[in-house]
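Let's practise reading cysteines in a protein model. Work through each exercise with the structure open beside you, and try each task before you read its solution.

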Amino acid sequence: TGVQTCALPISVYRNEACAFCHMPETGFTGPVSELNRTTGSYPGSVRTRFSDRKPQTHAYAPLSPVLHYNPGQGDLVGGNFWDMRATGRRLGNPAAEQAEGPPTNPVEMGLPDIACAVYRASQRPYRVLFENVWGPQAFAIAWPADAEQVCDQPGPATAGDLLPVHLSPVDRGRAGTTFDQMAQSIAGYEASAEVTSFTSKFDAVLAKMKQFTPQEQQGYDLFRGKGRCNECHRDGGPGEDPLFTDFTASNIGTPANPRLPYYEENRPDALGYAANPQGSSFVDGGVGTFLKQGHLLSQPSAVDQRWLKLAPDNQARMQVPTLRNVDKRPYPSFVKAYGHNGYFTSLKEIVHFYNTRDVLPRCKPHDAGEGTTCWPAPESTDNMNTSKVGNLGLSDAEEDALVAFMQTLTDGFMPLDRQ
């Protein structure tokens with residue numbers, strides 16, 4: 001039932017499904033080339049509200065472990081979202097907890113109450129499919145007469161009425177359980193072979209069904225050697241699936257993305273909501289901000305109190321994304337965005353950044369060489385990775401080889417038809 005649940009128009013204006021930001025043609029990330037090229041982030045159900053980050057891929061996300069602290073590595077490991085806030089500690093599944101974030105996020109689906117998601121699902125034609133899986137009690141809820149009216153009003157809920165769908169305690173508990181089950185269904189779909197498929201050329205090479213081209217092989221050797229990519233984007237070890245992430249977090253020094261509409265969301269909109277009171281001074285604190293303010297975020301996972309002391313060492317760090325499907329696109333000229341804020345708009349550009357961040361000079365305002373012969377200052381230098389990023393000494397041809405290798409990580413490869 002996951003794909004049906006994900007596709008339902010549960011957003012406040014019934015205009016935004018999971019697929020609005022996560023389509024298979026792009027590896028289950030941002031599917032609109034022009035948005036990737038310009039705004040980087042995507043609008044929510046209230047179309048004037050944009051997020052502060054680009055959509056992550058849903059593919060392979062269910063294979064992330066429950067967030068935990070590894071004292072040997074000195075790192076937090078696991079969870080979902082760029083800031084790891086979907087810890088998985090409550091449901092035992094980070095991907096399910098991630099699915100619970102967008103419905104009530106004011107800059108995404110925008111519902112004022114999780115009960116609204118359950119209410120709208122109860123009215124969909126696939127209700128019977130959901131009940132076949134989870135039981136007839138799932139929607140046995142006495143909805144108040146004003147449920148439709150309440151759920152048509154964009155969130156966030158007011159401070160004086162945080163649960164505006166007024167349910168009895170038993171019905172509130174039932175709605176919460178059904179909401180969890182909806183999220184688990186979505187996570188089940190994301191874990192299916194349709195989304196997490198291991199069908200790239202890399203997998204065919206691993207199975208000895210195909211061989212890399214010389215350039216791809218050079219790129220793989222660089223990936224594991226001089227480029228140092230494999231130190232964070234791990235290609236697996238004994239008994240491990242090659243997921244091309246170690247599920248830790250890092251600040252690679254990505255510049256702020258001035259194209260994000262989020263910087264302009266500092267004034268109350270027509271509905272009285274200001275997404276970003278800090279305006280142009282906003283700096284994304286990543287995992288550190290989650291650790292400090294986790295109880296204030298839309299994602300319901302609890303923050304382990306023992307982790308609060310880790311916040312300073314995780315400020316500005318973002319989860320290392322999987323590189324699987326990193327170049328998956330519906331046609332060659334389609335623009336994909338990279339980095340937590342979508343600053344980079346080509347795979348070559350972000351590889352060049354990894355290679356030359358600390359070598360090239362700082363850009364001047366409106367510098368025509370930005371991204372090629374100069375780089376802007378990092379959005380934040382807190383905990384910036386200086387040991388594995390910034391001065392790799394790669395030639396232009398070696399950068400191209402790395403890109404060629406990463407293009408072998410695109411799912412849907414047909415080993416009998418293509419080299």
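**Exercise 1. Find out why Cys232 has no bonded partner, starting from its closest cysteine sulfur.**

Step 1: The closest cysteine sulfur to that of Cys232 belongs to Cys229, 9.3 Å away. Step 2: A disulfide is a pair of cysteine sulfur atoms within 2.5 Å. Step 3: Cys229 is therefore too far from Cys232 for a bond. Step 4: Now look at the surroundings: Cys232 has a relative accessible area of 14%. Buried means under 20% relative accessible area, exposed over 50%, and partly exposed in between (1.4 Å probe, protein chains only). Cys232 therefore counts as buried.

A word on the model: it is predicted, so local features need pLDDT of at least 70 and side-chain atom pairs count only at pLDDT 80 or more, while totals for chains, interfaces and linings use all residues. Residues are numbered from 1 along each chain as its sequence is written, and side-chain values use heavy atoms, with hydrogens and water left out.

**Exercise 2. Do the same for Cys21: which cysteine sulfur is closest, and is Cys21 buried or exposed?**

Step 1: Cys18 holds the closest sulfur, 9.1 Å from that of Cys21, so the two are too far apart for a bond. Step 2: With a relative accessible area of 13%, Cys21 is buried.

**Exercise 3. How many disulfides does the structure hold, and which residues does each one join?**

Step 1: There are 2 disulfides. Step 2: One joins Cys116 to Cys151, with an S to S distance of 2.2 Å. The angle about this S-S bond is -85°, and the link of Cys116 and Cys151 is left-handed. Step 3: The other joins Cys363 to Cys374, at 2.0 Å from S to S. Here the angle is 100°, and the link of Cys363 and Cys374 is right-handed. Step 4: Check the accessibility: Cys116 is at 0%, Cys151 at 1%, Cys363 at 18% and Cys374 at 2%, so each of these counts as buried.

**Exercise 4. Describe what surrounds H4 and what caps its N-terminal end.**

Step 1: Helices are DSSP runs (H or I, at least four residues; strands are E, at least two), numbered from the N terminus. Step 2: In H4, 7 of the 8 residues are buried, among them Cys116 and Tyr119. Step 3: The cover over these buried residues includes H5, H6 and H7. Step 4: Asp113 caps the N-terminal end, with a side-chain oxygen 2.8 Å from the backbone nitrogen of Ala115.

Technical notes:
Contact = heavy atoms within 4.5 Å. Polar contact = N/O pair within 3.5 Å; in protein donor to acceptor, adjacent residues only side chain to side chain.
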